[in-house]
Amino acid sequence: MRVELSSIANTRNQLSLMHIYIVETKSNFYFDGRLLSLDPICSNFITDWILSNAMEQKVDFIGGPAVAAVPLIGSTVFHSFSKDYPLTGFFIRSDKKDHGLQKQIEGKLVENSSAIVIDDTVSTGGSLLESLN
């Protein structure tokens, strides 16, 4: 799968691995997976990989930071139903909303359950760690 995804991404000019130094985050690299997660073929490959890992680890939930992870969360939740392994999705805002129900976490998480937390970009992992906290 890795070779196929890489080949498709390169063909579509959607592989954005940049070796740069990001001063404010102190990282030597930045991987931007937005183009991959929003492409139907690449999203399908990524979703299959996430779902197979969720099933192997017996995970019940999938989530991540708002906006960034939402396309892959939705895709994985949708495909999980057809695999008879329904996952429940959630996403985490950086701050609570100041109106409505004022939630920071959207979705029904169950205390002491297992979850996969994903993101579409990687530099230091700070967003994922913040989501976990």
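## Secondary structure and overall make-up

In this predicted model, the secondary structure of the chain comes to five helices and seven strands. Read from the N terminus on, the elements follow one another in the order α-β-β-α-α-β-α-β-β-β-β-α.

The chain has 133 residues, of which 34% count as buried. If one takes the contacts between residues at least 6 apart in sequence, 61% of them join residues that are at least 24 apart.

## The packing of α3 and α4

Two packed helices are described by the angle between their axes and the distance between the axes. For helix α3, which covers residues 40–57, and helix α4, which covers residues 70–82, the angle is about 65° and the axes are 9 Å apart. The two helices α3 and α4 are therefore roughly perpendicular to each other, the class that takes in angles from 65 to 115 degrees, and their crossing is right-handed.

On the side of α3, the contact is made by Ser-43, Asn-44, Ile-46, Thr-47, Ile-50 and Leu-51, while α4 contributes Leu-72, Ser-75, Thr-76, His-79 and Ser-80. Sorted by character, the residues of this contact of α3 with α4 divide into four nonpolar and seven polar, with no charged residue among them.

## Arg-93 and Lys-103 in the loop between β4 and β5

Arg-93 has its place in the loop that runs between β4 (88–92) and β5 (105–106). Is Arg-93 buried or exposed? With a relative accessible area of 19%, Arg-93 is buried, because the class of buried residues takes in values under 20%. The side chain of Arg-93 makes a polar contact, at 2.8 Å, with the side chain of Glu-106. When residues up to four places away in sequence are not counted, Arg-93 touches Ala-66, Lys-103, Gln-104 and Glu-106.

Lys-103, one of the residues that Arg-93 touches, is likewise found in the loop between β4 and β5. Its relative accessible area is 34%, and Lys-103 is therefore partly exposed. Although Lys-103 and Ile-92 are eleven residues apart in sequence, their C-alpha atoms are 8.9 Å apart in space.

## Ala-69, a buried residue before α4

The place of Ala-69 is in the loop between β3 and α4, and at 0% relative accessibility this residue counts as buried. Which residues does Ala-69 touch, not counting residues up to four places away in sequence? They are Gly-64, Ile-118 and Asp-119. A further relation links Ala-69 with Thr-121, since the two are 52 residues apart in sequence and yet 8.9 Å apart in space, from C-alpha to C-alpha.

## Two loop residues with positive phi

Lys-58 lies in the loop between α3 and β3 (61–65), and it has a positive phi of about 55° although it is not a glycine. The relative accessible area of Lys-58 is 62%, so this residue is exposed.

Asn-112 lies in the loop between β5 and β6 (115–117). Its phi is near 65°, which is again a positive value in a residue other than glycine. At 78% relative accessibility, Asn-112 counts as exposed, since exposed residues are those over 50%.

Methods
Residues are numbered from 1 along each chain as its sequence is written. This is a predicted model: local features need pLDDT of at least 70, side-chain atom pairs count only at pLDDT 80 or more; totals for chains, interfaces and linings use all residues. Side-chain values use heavy atoms; hydrogens and water are left out. Axes are lines fitted to C-alpha atoms, for helices over the stretch in contact, and angles run from 0 to 180 degrees between N-to-C directions. Helices (H or I, at least four residues) and strands (E, at least two) are DSSP runs, numbered from the N terminus. Angles under 35 degrees count as roughly parallel, over 145 as roughly antiparallel, 65 to 115 as roughly perpendicular and the rest as oblique. A crossing is left-handed if the near helix is turned anticlockwise from the far one by less than a right angle, and right-handed if clockwise. Contact means heavy atoms within 4.5 Å. Ala, Val, Leu, Ile, Met, Phe, Trp, Tyr, Cys and Pro count as nonpolar, Asp, Glu, Lys and Arg as charged, and the others, Gly among them, as polar. Buried means under 20% relative accessible area, exposed over 50%, partly exposed in between (1.4 Å probe, protein chains only). A polar contact is a pair of N or O atoms within 3.5 Å; within protein, one must be able to donate a hydrogen and the other to accept it, and residues adjacent in sequence count only if both atoms are side-chain atoms.
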